[in-house]
Amino acid sequence: MKHADPAFTNLATGLDKLRLKNPVTTASGTFGAGREMADFIDLNSLGMLTTKGVSLTPWTGNSGRRMHEVRSGMLNSIGLQNPGVETFIQRDLAWLRDSVPDLPLMINVCARSAADYAAVITQIEAETDIPDDLLGYEVNISCPNVSEGGHAFGTSTAGAEEVTAACRAVTKRTLAVKLSPNVTNIADIARAAESAGADAISLINTLLGTAIDVRRRSFIFERHFAGLSGPAIKPVALRMVVEVARAVDLPIVGMGGVATGRDVAEFMLAGAHVVAVGTAHFGDPLAVLRIVDELRNFCQEEGVRDISELIGAVGKTQ
């Protein structure tokens with residue numbers, strides 16, 4: 001692989017108040033908070049780091065098998081295991097602040113009620129002095145709404161509006177809402193988040209799937225269903241990015257099966273401003289470094305002088 005001249009193409013992009021030197025970030029849940037991955041890569045090579053989900057109190061996650069490889073992807077049933085916001089602030093956020101003080105951070109937030117989403121953000125706001133242009137929130141509305149029988153907030157416009165409004169009320173920082181693809185019309189959910197005060201939209205989260213052990217004649221996962229990610233979901237993710245880019249006037253974080261620099265370019269042409277790498281990390285810890293380099297090379301080859309030339313050039317116009 002040839003290496004591009006970093007000065008040849010301007011890869012800088014933005015997400016509301018956040019300013020990124022390149023459009024590549026990490027997909028929540030695939031990179032932790034960066035501490036382990038820092039042994040392999042320079043985190044400052046990222047455009048932005050998106051953390052694993054943070055809840056108000058510690059979550060133990062799902063029991064039984066949690067990961068299962070399938071053709072062109074992976075099923076996971078982790079259950080958003082995390083130590084809770086207090087430990088995240090004291091351990092992970094403090095480490096990030098010291099280790100990569102100039103790297104934009106997106107903290108993924110998960111909860112089982114609108115009040116708990118807001119409480120996580122409120123606690124972080126009270127205990128950090130990170131500037132607004134270096135910290136934002138990605139609200140995962142694929143979590144179950146316990147007051148509505150466990151249906152995910154992101155499967156209804158009312159749920160999306162409720163969570164977004166609750167979070168908007170407690171922060172002025174960049175607020176991205178991460179959408180579930182397991183809906184009939186994702187554009188309607190995006191419009192609901194926009195109307196309630198979202199600054200950006202992230203999509204897609206994993207698709208719902210399952211796997212069966214034919215010899216044991218049983219489900220692979222204790223909860224039967226799990227989240228499908230990896231290259232298999234890329235065409236669906238691209239289609240949904242196009243639909244949302246046409247439906248809202250907000251910047252988009254696109255994700256789903258990203259494994260190469262050309263994948264990043266494809267998502268940007270579909271309408272994304274920022275693109276997240278997820279499952280690719282499990283096979284290649286250096287994936288983000290390679291993908292940023294491949295993106296530069298692609299832009300050189302195609303004569304792209306500024307990455308903004310790609311954003312929505314196909315998805316919004318054709």
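**Note on a predicted single-chain model**

1. Starting inside the chain, and leaving aside residues up to four places away in sequence, Ile201 touches Val177, Leu179, Ala190, Ala193, Val244, Val248, Leu250, Pro251, Ile252 and Val253, where contact means heavy atoms within 4.5 Å. The model is predicted, so local features need pLDDT of at least 70 and side-chain atom pairs count only at pLDDT 80 or more, while totals for chains, interfaces and linings use all residues. Residues are numbered from 1 along each chain as its sequence is written, and side-chain values use heavy atoms, with hydrogens and water left out.

2. Ile201 is also among the residues with the most contacts inside the largest nonpolar core, which has 83 residues, the others being Ile141, Leu179, Leu203 and Val244. Helix H5, residues 234-247, gives the most to this core, contributing eight residues. A second core, separate from it and made of 12 residues, includes Met48, Met106, Ala176 and Ala276. A nonpolar core is here a set of buried Ala, Val, Leu, Ile, Met, Phe, Trp, Tyr and Cys residues joined through side-chain atoms within 4.5 Å. In soluble globular proteins, nonpolar side chains tend to be buried together.

3. On the overall fold, the chain holds eight helices and 16 strands (DSSP runs numbered from the N terminus, helices being H or I with at least four residues and strands E with at least two). The radius of gyration is 18 Å, close to the 20 Å that the globule rule gives for 318 residues, so the chain is as compact as a globular protein of that length; the radius is taken over C-alpha atoms, and the rule is 2.2 Å times the number of residues to the power 0.38. Along its principal axes, the C-alpha trace spans about 50 × 50 × 40 Å. Of the contacts with a separation of 6 or more, 72% are between residues 24 or more positions apart.

4. As to exposure, 53% of the 318 residues count as buried, where buried means under 20% relative accessible area, exposed over 50%, and partly exposed in between (1.4 Å probe, protein chains only). The chain exposes about 13600 Å², and carbon and sulfur atoms supply 50% of that area; accessible areas come from the Shrake-Rupley method with a 1.4 Å probe, and for residues only the protein chains shown count as cover.

5. One surface feature deserves a look: Leu208, Ile212, Val214, Phe219 and Phe225 make a nonpolar patch of about 540 Å². Patches are built from residues with over 30% relative accessible area and no salt bridge, with like charges joined within 9 Å and nonpolar side chains (Val, Leu, Ile, Met, Phe, Trp, Tyr) within 5 Å. Within the patch, Ile212 belongs to strand S12, residues 212-213, and counts as exposed, with 53% relative accessibility.

6. Three places in the backbone should be checked by eye, given that most residues other than glycine have a negative phi, and most peptide bonds are trans. The peptide bond from Leu203 to Ile204 is cis, with omega near 10 degrees, and Ile204 sits in the loop between strand S10 (200-203) and strand S11 (207-210). Asp16, although not a glycine, has a positive phi of about 55 degrees; this residue is in the loop between strand S1 (13-15) and strand S2 (18-20) and is partly exposed at 28% relative accessible area. Arg217 likewise has a positive phi of about 55 degrees without being a glycine, and it lies in the loop between S12 and strand S13 (218-219), where its 76% relative accessibility counts as exposed.

7. Finally, the structure holds 15 salt bridges, each defined as a side-chain nitrogen of Lys or Arg within 4 Å of a carboxyl oxygen of Asp or Glu. Glu301 and Arg262 meet in one of them, at 3.5 Å from N to O. That pair links distant parts of the chain, since Glu301 is in helix H8 (residues 287-302) and Arg262 in helix H6 (residues 261-270), 39 residues apart. Asp92, buried at 10% relative accessibility, pairs with Arg91 at 3.3 Å, N to O, and Arg91 is partly exposed at 42%. Arg290 and Glu294 also form a salt bridge of 3.3 Å, N to O, and, being four residues apart in helix H8, they are separated by about one helical turn. Salt bridges that share partners further join Arg35, Arg91 and Asp92 into one network.
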